[in-house]
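Here are some short exercises to work through with the model open beside you. Try each task before you read its solution.

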Amino acid sequence: MTPFEEFVQNLALSGFNFWFLIKILFVIALGLYLFFAIIIVRQVKIMFETLKGMLDWPIKLIAWVHLGIAVFIFILAFIIL
Amino acid sequence: MPDLFVASNHKKKKKKEKGFDNKEIIKDKGPEKALAAFAIHPQGVRAEIQDSDEETILFLRRHVITNVGWITLILGLVLVPILAFSLLPFSVIPVNFRVMAVIGWYLLTFAFAFERFLSWFFNIYIVTDERIIDMSFVNILLKDISETKIDRIQDISSKTGGFVRSFFRFGDVHIQTAGSTPEICFEAVPYPSSVTAVLNDLILQEEQEKLEGRVK
């Protein structure tokens, strides 16, 4: 038995919940994604301040909808995992 | 008696090919088309650093065909979960985790696509009657704007090489300047020879303005 297999077996025997660890990792990853979505909204705003007169509202709308979806999925991860 | 030499018509034709009247090649790419890669005198499009009386003459970005690579990649990434779940044994993973994994995958795929689109959309080159502006959004966090006055341009060269670039008529325009940015490169822009011609016309106009003492 390799040291890693031994470690996993010990975790299982000690009642460690593997799926809880995965849930935590999912939530951290989605939290980072949420942060990224906020940055996109801000950057799109800055980009349109730098360059005016092109397709402003559809791209801003996509950025905001994307942020909304990121928030929804972050909350969904807490509920279903 | 028939004319042996008619110079005037030939001259006019040559001038039309080189100058600002070269609109027949972009008749379907007007300023109203926000996704256009080549527009002459776009209405309402302005960079933040432009002066109020500065006229936008050319608006350029990378040719649309340069997006084919990442769009193909996105199509591949969209198919990954479908293939993975049909080929690999994921039944050991609880359903809720599988659902979240698929949602996460598509979120990342969308983020990648949106970032690539924004990079293309906001990587633009503007030629005004006073200067050239190169706005590069390298990625979502890095913005780089370089500009140089028309009268600081020292040398212009255009390069079109390869099958795809020749077929779709796009290439690079290299502009050597005497400013703080030694070279500005318009990468993969449509009709590089027309861009070069327009820039040469602007340099001549600027020199003429200098001679007449009308420099801003």
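Ala, Val, Leu, Ile, Met, Phe, Trp, Tyr, Cys and Pro count as nonpolar, Asp, Glu, Lys and Arg as charged, and the others, Gly among them, as polar. Keep in mind throughout that this is a predicted model.

**Exercise 1. The second largest pocket**

Find the second largest pocket, describe its lining by class, and work out which elements supply it.

Solution.
- Step 1: Begin with the volume. The second largest pocket holds about 210 Å³ of space.
- Step 2: Look at the residues around it. There are 14 in the lining, and those closest to the centre are Phe85(B), Phe90(B), Ile93(B), Arg98(B) and Ala101(B).
- Step 3: Sort the lining by class. It has 13 nonpolar residues and 1 charged residue, with no polar ones.
- Step 4: Trace the lining back to its elements. At least two residues each come from α2 (18-50) of chain A and from α2 (68-87) and α3 (95-122) of chain B. The largest share, 5 residues, belongs to α3(B).

**Exercise 2. A nonpolar patch on the surface**

Which residues make the nonpolar surface patch of about 800 Å², and which element gives the most to the patch?

Solution.
- Step 1: List the members. They are Val78(B), Leu79(B), Val80(B), Ile82(B), Leu83(B), Leu87(B), Leu88(B), Trp105(B) and Tyr106(B).
- Step 2: Assign them to elements. In chain B, α2 and α3 each give two or more residues to the patch, and α2(B) gives the most, with 6.
- Step 3: Check one member. Val80(B) is in helix α2 of chain B. Its relative accessibility is 33%, so Val80(B) counts as partly exposed. The cut-offs behind this call are under 20% for buried and over 50% for exposed, with partly exposed in between.

**Exercise 3. Salt bridges around Arg131(B)**

Which residues are linked with Arg131(B) in a network of salt bridges, and where do the partners of the individual bridges lie?

Solution.
- Step 1: Recall the principle. Side chains of opposite charge can pair when their charged atoms come close.
- Step 2: Take the pair with Glu54(B). The closest N and O atoms of Glu54(B) and Arg131(B) are 2.8 Å apart. Glu54(B) sits in the loop between β2 (46-47) and β3 (56-61) of chain B, while Arg131(B) is in strand β5 (residues 131-139) of that chain, so this salt bridge ties together parts 77 residues apart in sequence.
- Step 3: Take the pair with Glu147(B). Here the closest N and O atoms are 2.9 Å apart. Glu147(B) belongs to strand β6 (residues 142-149) of chain B and Arg131(B) to strand β5, so the parts tied together are 16 residues apart in sequence.
- Step 4: Compare the surroundings. Arg131(B) counts as buried because its relative accessibility is 6%, and Glu54(B) is buried as well. Glu147(B), at 35%, counts as partly exposed.
- Step 5: Put the network together. Asp51(B), Glu54(B), Arg131(B) and Glu147(B) are linked by salt bridges. Over all chains, the structure holds 7 salt bridges.

**Exercise 4. Another charged pair**

Are the partners in the salt bridge of Asp172(B) and Arg165(B) buried or partly exposed?

Solution.
- Step 1: Locate the contact. The N to O distance between the two side chains is 3.1 Å.
- Step 2: Classify each partner. Asp172(B) is buried, at 12% relative accessibility, whereas Arg165(B) is partly exposed, at 23%.

**Exercise 5. Positive phi values**

Where do Arg169(B) and Ala188(B), residues with a positive phi, lie in chain B?

Solution.
- Step 1: Recall the usual case. Most residues other than glycine have a negative phi.
- Step 2: Place Arg169(B). Its phi is about 55°, and the residue lies in the loop between α4 (163-168) and β8 (170-177) of chain B. Arg169(B) is partly exposed, with a relative accessible area of 47%.
- Step 3: Place Ala188(B). Its phi is near 50°, and the residue is in strand β9 (residues 183-190) of chain B. Ala188(B) counts as buried, at 1% relative accessibility.

How values were computed: Residues numbered from 1 in each chain as written. Chains lettered and ligands numbered in written order. Predicted model: local features only at pLDDT ≥ 70, side-chain atom pairs only at ≥ 80, totals over all residues. Heavy atoms only, no water. 1 Å grid on protein atoms, 1.4 Å probe; cavity = no way out; pocket = protein on both sides within 12 Å on 5 of 7 lines; lining within 4 Å. Points joined across faces, edges and corners; volume = space filled by probe spheres on them. Helix = DSSP H or I, 4+ residues; strand = E, 2+ residues; numbered from the N terminus. Patch = residues over 30% accessible without salt bridge, like charges linked within 9 Å, V, L, I, M, F, W, Y side chains within 5 Å. Areas by Shrake-Rupley, 256 points an atom, 1.4 Å probe, with all protein chains shown as cover. Salt bridge = Lys/Arg side-chain N within 4 Å of Asp/Glu carboxyl O. Buried < 20%, exposed > 50% of the residue type's maximum accessible area, 1.4 Å probe, protein only.
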